[in-house]
Amino acid sequence: MKRLVPTALFLLLAACGSGDPAKETPVAPTGETAAPAASSQATDLDRLPVSTHDLGVFPFFNLPDGFKAQNTKDQQLETKYVFPGGGLLAVEGRYHHARVQSADDNWNETLLLRSFDEKIRELGGVQVYDGGLPDAAREKIASDQPRFTADLYDPSPYRFRQYVIRTPQGRVWVEIGYGYNAPMADLTIVQESELRQTITQITADQIDRDLKATGKAVLHINFDTDRATLTTDGQAAVAQIAALLKAQPGLKLSIEGHTDDTGSAERNRTLSLDRAKSVQAALIQTGVAGDRLKAAGYGADRPIAGNTTDADRAQNRRVELVRQ
């Protein structure tokens, strides 16, 4: 039997004891019964023992030999629906998803499930659900038509196997979607956490401090998606730039647009230049002399972060003001 190997140490707890995983008693019955209230589900989950294991670095798991991850996705914050006791509970936190496929054209779903199950139980985790899409989830889809992406909450697998771990930092969820009519499965891991606020207000004073300290100010000015049209927030940012320019008549700026690497290089260079020109035009409309402003667009050629996560791509979508 091949076992999972920890990447620093796995992050899932599995239920105490040993024996056949099919005989393990879950936290609550997993049949298609009436959904318990979310508050009672949370209360039951809070009674689980807290893991004392060093769980390592997110997403905590590699795959067993013979399997590979495709179409991986990592996000700092996302919503995931889980089904403890056949109910429906929304959790938020750091999110990882991967499509699991065979590395050697010899798909073995039993090996994959048993490998995860043994490792999770070894680390003190608890299985809270194993079954098809529960009635509570079907009812929500029918009544609310919520936003569900294929990897976030996918009703297409025949079955979902879900585990939870209580850690001193909060709960960790692991889900395997399996039973497809294809040699693949879905692995999702969510480490519950609150939003870490990264939005800061753009002010003339902050722009001035940045220009004096480094010669440039990096601004995340909001535009309409894939367009150069300033949003209301973007217009407010331009007003702060204009206030600074009017307070310092000798200040000249190069307005430089940047994008992430989504889309073609040509499209990104065009979009970044159009956005820089949009800021330039808005400033001129406030009364700033045009000869004090230049506009340039660099597309995705000068990233300040990786382009592998949504958070990194958001950092790369920016306008830089460079002192001339």
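Biologist: How do the residues of the lining of the largest pocket divide into nonpolar, polar and charged?
Modeller: There are 14 nonpolar, 23 polar and 13 charged. Asp, Glu, Lys and Arg count as charged, Ala, Val, Leu, Ile, Met, Phe, Trp, Tyr, Cys and Pro as nonpolar, and the others, Gly among them, as polar. This is a predicted model: local features need pLDDT of at least 70, side-chain atom pairs count only at pLDDT 80 or more, and totals for chains, interfaces and linings use all residues. Residues are numbered from 1 along each chain as its sequence is written, and side-chain values use heavy atoms, leaving out hydrogens and water.

Biologist: Which residues are the closest to the centre of that pocket?
Modeller: Of the 50 that line it, those are His-220, Asn-222, Ala-314, Gln-315 and Arg-317. A pocket is an open set of points on a 1 Å grid over the protein atoms alone, where a 1.4 Å probe fits, with protein on both sides within 12 Å along at least five of seven lines; lining residues have an atom within 4 Å of a point.

Biologist: New topic! Which residues in H5 are buried?
Modeller: Gly-234, Ala-237, Val-238, Ile-241, Ala-242, Leu-244 and Leu-245. They line one face of the helix, because they fall within an arc of 160 degrees seen down its axis, going by directions from the axis to the C-beta atoms. Buried means under 20% relative accessible area, exposed over 50%, partly exposed in between (1.4 Å probe, protein chains only). Helices are DSSP runs (H or I, at least four residues), numbered from the N terminus.

Biologist: And what does the face turned away carry?
Modeller: There you'll find the exposed residues Thr-232, Asp-233 and Ala-247.

Biologist: Where does Asp-135 lie?
Modeller: In helix H3, which covers residues 135-144. Asp-135 counts as partly exposed, at 34% relative accessibility.

How values were computed
Helix = DSSP H or I, 4+ residues; strand = E, 2+ residues; numbered from the N terminus.
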